[in-house]
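Subject: Structure handover

Hello,

Here is the structure I said I would pass on. Please open it alongside this email and follow the residue numbers as you read.

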Amino acid sequence: MKKLFTRIKSRFHRHKKMISVSALTLCLTMMSTTSAFAATDMWTKAKEIMTSVYNQILLISTIAAIVTASIALLLMNFSKNGKTVDESRAWLKRIVISWVILNSLGFILAYITPFFAGGQWTAP
């Protein structure tokens with residue numbers, strides 16, 4: 001009996017860190033979860049989250065596009081090398097196209113998808 005008790009005790013001490021981390025994770029998860037009683041359904045909350053994420057992506061991409069486009073314009077205007085001017089012009093074109101595509105996705109989500117609500121076409 002004593003050997004069994006020491007074997008269980010040694011196993012417990014070997015796994016004590018894992019058990020304490022698991023218990024702490026479980027407690028923190030239970031404390032940090034919020035109840036979803038205020039949301040009407042899962043799809044409404046998912047739409048809110050996607051809209052928020054898309055707005056953040058659009059904000060960051062707009063700032064990045066402005067900074068990189070200004071660098072490309074500065075290189076294009078102040079460079080004496082023809083190759084640098086051509087590359088700057090190509091990069092400016094890519095930046096504008098990427099920014100327009102990102103904004104078009106927002107336009108499609110905001111204005112086009114409500115026409116297809118419920119899987120059926122509803123004319124305005």
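Below is what was found in the structure, topic by topic.

Please note that this is a predicted model.

Overall make-up

The protein has four helices and zero strands. Along the sequence the pattern reads α-α-α-α. The protein holds 124 residues, and buried residues make up 10% of them.

The largest pocket

Start with the pocket, since several later points return to its residues. The largest pocket has a volume of about 320 Å³. Its lining counts 13 residues, and the closest to the centre are Thr-51, Tyr-54, Gly-106, Leu-109 and Ala-110. Two elements each give two or more residues to this lining: helix H3, which spans 42–78, and helix H4, which spans 82–112. Which helix gives the most? That is H3, with seven residues. By type, the lining residues divide into eight nonpolar, four polar and one charged.

Tyr-54 and its contacts across the chain

Tyr-54 deserves a look of its own. It lies in helix H3. Is Tyr-54 buried or exposed? Its relative accessible area is 17%, and the cut-off for buried is under 20%, so Tyr-54 counts as buried. Tyr-54 is also among the residues closest to the centre of the largest pocket.

Now check two distances from Tyr-54. Tyr-54 and Gly-106 are 52 residues apart in sequence, yet their C-alpha atoms are 7.8 Å apart in space. Gly-106 is likewise among the residues closest to the pocket centre. The second distance runs to Leu-105. Leu-105 and Tyr-54 are 51 residues apart along the chain, with 9.3 Å between their C-alpha atoms.

A further pair is worth displaying. Trp-99 and Leu-58 are 41 residues apart in sequence, and 8.6 Å separates them in space, C-alpha to C-alpha. Trp-99 has its place in helix H4. At a relative accessible area of 35%, Trp-99 is partly exposed.

The nonpolar surface patch

Next, turn to the surface. Six residues are named here: Ile-97, Ile-101, Leu-105, Phe-107, Ile-108 and Tyr-111 make a nonpolar surface patch of about 600 Å². Two of these can be described in detail. Ile-97 is found in helix H4. Its relative accessible area is 45%, and Ile-97 is therefore partly exposed, the range for that class being between 20% and 50%. Leu-105 also lies in helix H4. Leu-105 has 43% relative accessibility and counts as partly exposed. Patch residues need over 30% relative accessible area, and the values for Ile-97 and Leu-105 fit that.

Salt bridges

Last, the charged pairs. Side chains of opposite charge can pair when their charged atoms come close. How many salt bridges are there? The count comes to two. The cut-off used is a side-chain nitrogen of Lys or Arg within 4 Å of a carboxyl oxygen of Asp or Glu.

One salt bridge joins Glu-48 to Lys-45, with the closest N and O atoms 3.8 Å apart. That value passes because the limit is within 4 Å. Glu-48 and Lys-45 are three residues apart in helix H3, so about one helical turn separates them. Glu-48 is partly exposed, at 46% relative accessibility. Lys-45 is partly exposed too, with a relative accessible area of 43%.

The other salt bridge joins Arg-89 to Asp-86, with 3.9 Å between the closest N and O atoms. Arg-89 and Asp-86 sit three residues apart in helix H4, so they too are separated by about one helical turn. Arg-89 is partly exposed, with a relative accessible area of 49%. Asp-86 is partly exposed, and its relative accessible area is 49%.

For a quick tour, display the pocket residues, then the surface patch, then the two salt bridges.

Best wishes

Note on methods:
Residues are numbered from 1 along each chain as its sequence is written. This is a predicted model: local features need pLDDT of at least 70, side-chain atom pairs count only at pLDDT 80 or more; totals for chains, interfaces and linings use all residues. Side-chain values use heavy atoms; hydrogens and water are left out. On a 1 Å grid over the protein atoms alone, a cavity is a set of points where a 1.4 Å probe fits but cannot get out, and a pocket is an open set with protein on both sides within 12 Å along at least five of seven lines; lining residues have an atom within 4 Å of a point. Grid points are joined across faces, edges and corners, and a volume is the space filled by probe spheres set on the points. Ala, Val, Leu, Ile, Met, Phe, Trp, Tyr, Cys and Pro count as nonpolar, Asp, Glu, Lys and Arg as charged, and the others, Gly among them, as polar. Patches are made of residues with over 30% relative accessible area and no salt bridge: like charges are joined within 9 Å, nonpolar side chains (Val, Leu, Ile, Met, Phe, Trp, Tyr) within 5 Å. Accessible areas come from the Shrake-Rupley method with a 1.4 Å probe; for residues, only the protein chains shown count as cover. Buried means under 20% relative accessible area, exposed over 50%, partly exposed in between (1.4 Å probe, protein chains only).
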